[in-house]
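Subject: Structure for you, with notes

Hello,

Here is the structure I promised to pass on. Please open it alongside this email, as the notes below go residue by residue.

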Amino acid sequence: MKRNKTEDLRAEFVERFGREPDGMWAAPGRVNLIGEHTDYNDGLVLPFALPQNTLAAASRRSDTTLRVHSVNAAESEEFDLATLAPGAHQGWSSYVAGVFWALHEAGYAPAGMDIAVYTTVPLGAGLSSSAALECAVACAVAELSGHQIAPLELATIAQRAENEYVGMPCGLMDQMVSMVAHEGYAVLFDTRSQQVQHVPFAGEHAEILVIDTKAPHKLVDGEYAARRSQCEQASTELGLASLRELNDVAEDALDSALFQLSDDVLRRRVRHVVTENQRVLDMVEALQTGRLDAVGALMNASHASLRDDYQVTVPEVDLAQRILVSAGAYGARITGGGFGGCVIALIDAGTGEFLQHKVAEAYAEAGFTAPEHFVAVPSSGARRVSSARNWAGNIEYSA
Ligand code: GAF
């Protein structure tokens, strides 16, 4: 029988916990095509799910103990569900425990559980490995505890785990795309109305190349929180419920808002958020009409805005973006929260190796760590990948 990662995780689960898992769930990481730092401003985002995902194998227990094992970290932890408290501990297991805590806070009683997790989402690369972990665990725990929870609510519970238990004030984009994505589609998510539209992504001629810059992630959480509070301060100064309101009114509303603001940093942040929301809408239209040049131009404009106004790029990221565009990509931009992480580029299918080679050359010349790369294919959201009755047979599972 050919082994694959689900079978490996099952074997690891059996070795750790001495019994079969009741089931296994998968939830993906993501790239964001456009709409960056808009999700905590009631704005628009357009991510798609990666084929790389986190698997959670789980079995229900009859007590209130939570035992978790991470294959990637080669570590195990044990908690009593009755004593979970935000901020009590850190590291990968806080994302797992946080989901139990947030489910409880939302009025759902999670059962005690044995869980083993394994991920193929690159860690710390801005591809949303945290949300993938939260969502895989949330699906497992909800189902095994006997709760039917709609994807939007489960995504919100996962976000609450990250916001309040882990202490990272993220928006809802990453959890939402991880829960609801469809293969071949990007997810247009309006974080204000909470409406989702599935937008077909590209065709056979174009693809998304992901360059993992390997730039050391420094100050990520602190700088992210600072951006978020600057946006809140700007909204307060402008008397708005959120910056999204500036997209609802006449075009010159942005100019007059910028004029009213007290300092230049706030002006830059607001200009980024408002123009980025418009770029999301323009991107959807460009995709729907197959105008790859227009898609590329919007990616470049988003990158410039994130570099100059939102100030979340680093030299490795800017270099990769420049090289990709000058070597033939339609457009390129940083994806995710920033301060390192990945750059994505819209490219002609089959040109990825050539383009990544150009970036690697430039990195070597600049003395940067060698980057990694892959072509991202829009993939499915969270799902159960196996059922208990499959475990005994010679069935191959795929995640
Ligand atoms: C991180 C956050 F988790 C998201 O909510 C989003 O704000 C993103 O940064 C920036 O667009 O991935």
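What follows is a short tour of the annotated positions and then of two helices. Please keep in mind that this is a predicted model.

**The annotated binding site**

UniProt, in an unreviewed entry, lists Ser130 and Glu162 under "binding site". The two span 33 residues in sequence, yet their C-alpha atoms are no more than 8.2 Å apart, so they gather at one spot.

Ser130 sits in helix α3, which runs over residues 129-144. Ser130 counts as buried because it has 26 C-beta neighbours inside 10 Å, and 20 or more is the cut-off. Setting aside neighbours within four places in sequence, Ser130 is in contact with Tyr95 and Glu162.

Glu162 belongs to helix α4, residues 151-166. Glu162 is buried as well, with 24 C-beta neighbours inside 10 Å. Its contact list, not counting residues up to four places away in sequence, is Tyr95, Gly98, Ser130, Glu134, Met168 and Cys170. Note that Tyr95 touches Ser130 and also Glu162.

**The annotated active site**

The "active site" annotation in UniProt, again from an unreviewed entry, covers Asp174. Asp174 is in helix α5, residues 173-180. Is Asp174 buried or exposed? Asp174 is buried, because 29 other C-beta atoms lie within 10 Å. Beyond its neighbours within four places in sequence, Asp174 contacts Arg30, Ser128 and Ala131.

**Helix α1**

Helix α1 covers residues 5-17, 13 residues in total. From first C-alpha to last, α1 reaches 18 Å, close to the 18 Å expected at 1.5 Å a residue. Which residues of α1 are buried? They are Thr6, Leu9, Arg10 and Phe13. These four cover an arc of only 105° around the axis, which means they lie on the same side of α1. Arg10 is worth a look on screen, as it is one of the buried set. Just after α1 comes Gly18, with a positive phi of about 70°.

**Helix α10**

Helix α10 has 12 residues, which should span 16 Å at 1.5 Å a residue. Its end C-alpha atoms are 16 Å apart, so the span agrees. The buried residues of α10 are Glu316, Val317, Leu319, Ala320, Gln321, Ile323 and Leu324.

What covers those buried residues? The cover includes strands β9 (206-212), β10 (331-335) and β11 (342-348). It also includes helices α9 (292-308) and α11 (352-366).

Leu319 makes a good example. Leu319 is found in α10, residues 315-326. With 21 other C-beta atoms within 10 Å, Leu319 is buried. Leaving aside neighbours within four places in sequence, Leu319 is in contact with Ala362 and Ala366. Both numbers fall in the range 352-366 given for α11. Another residue to check is Gln356, 37 residues from Leu319 along the chain. The C-alpha atoms of Leu319 and Gln356 are separated by 12 Å.

α10 is followed by Gly328, whose phi is positive, near 125°.

**To recap**

The listed binding-site residues, Ser130 and Glu162, gather at one spot. They also contact each other. Asp174, the annotated active-site residue, is buried. In α1, the buried residues are on the same side. In α10, the buried residues are covered by elements that include β9 and α11.

Best wishes

Definitions and conventions
Residues are numbered from 1 along each chain as its sequence is written. This is a predicted model: local features need pLDDT of at least 70, side-chain atom pairs count only at pLDDT 80 or more; totals for chains, interfaces and linings use all residues. Helices (H or I, at least four residues) and strands (E, at least two) are DSSP runs, numbered from the N terminus. A residue is buried if 20 or more other C-beta atoms lie within 10 Å of its own, exposed if 12 or fewer, and partly exposed in between; C-beta atoms are placed from the backbone. Two residues are in contact if their C-beta atoms, placed from the backbone, lie within 7 Å. The expected span of a helix is 1.5 Å times one less than its number of residues. The arc is that of the directions from the helix axis to the C-beta atoms. UniProt positions are given in the numbering used here, feature names are shortened, and annotations may be inferred rather than shown by experiment.
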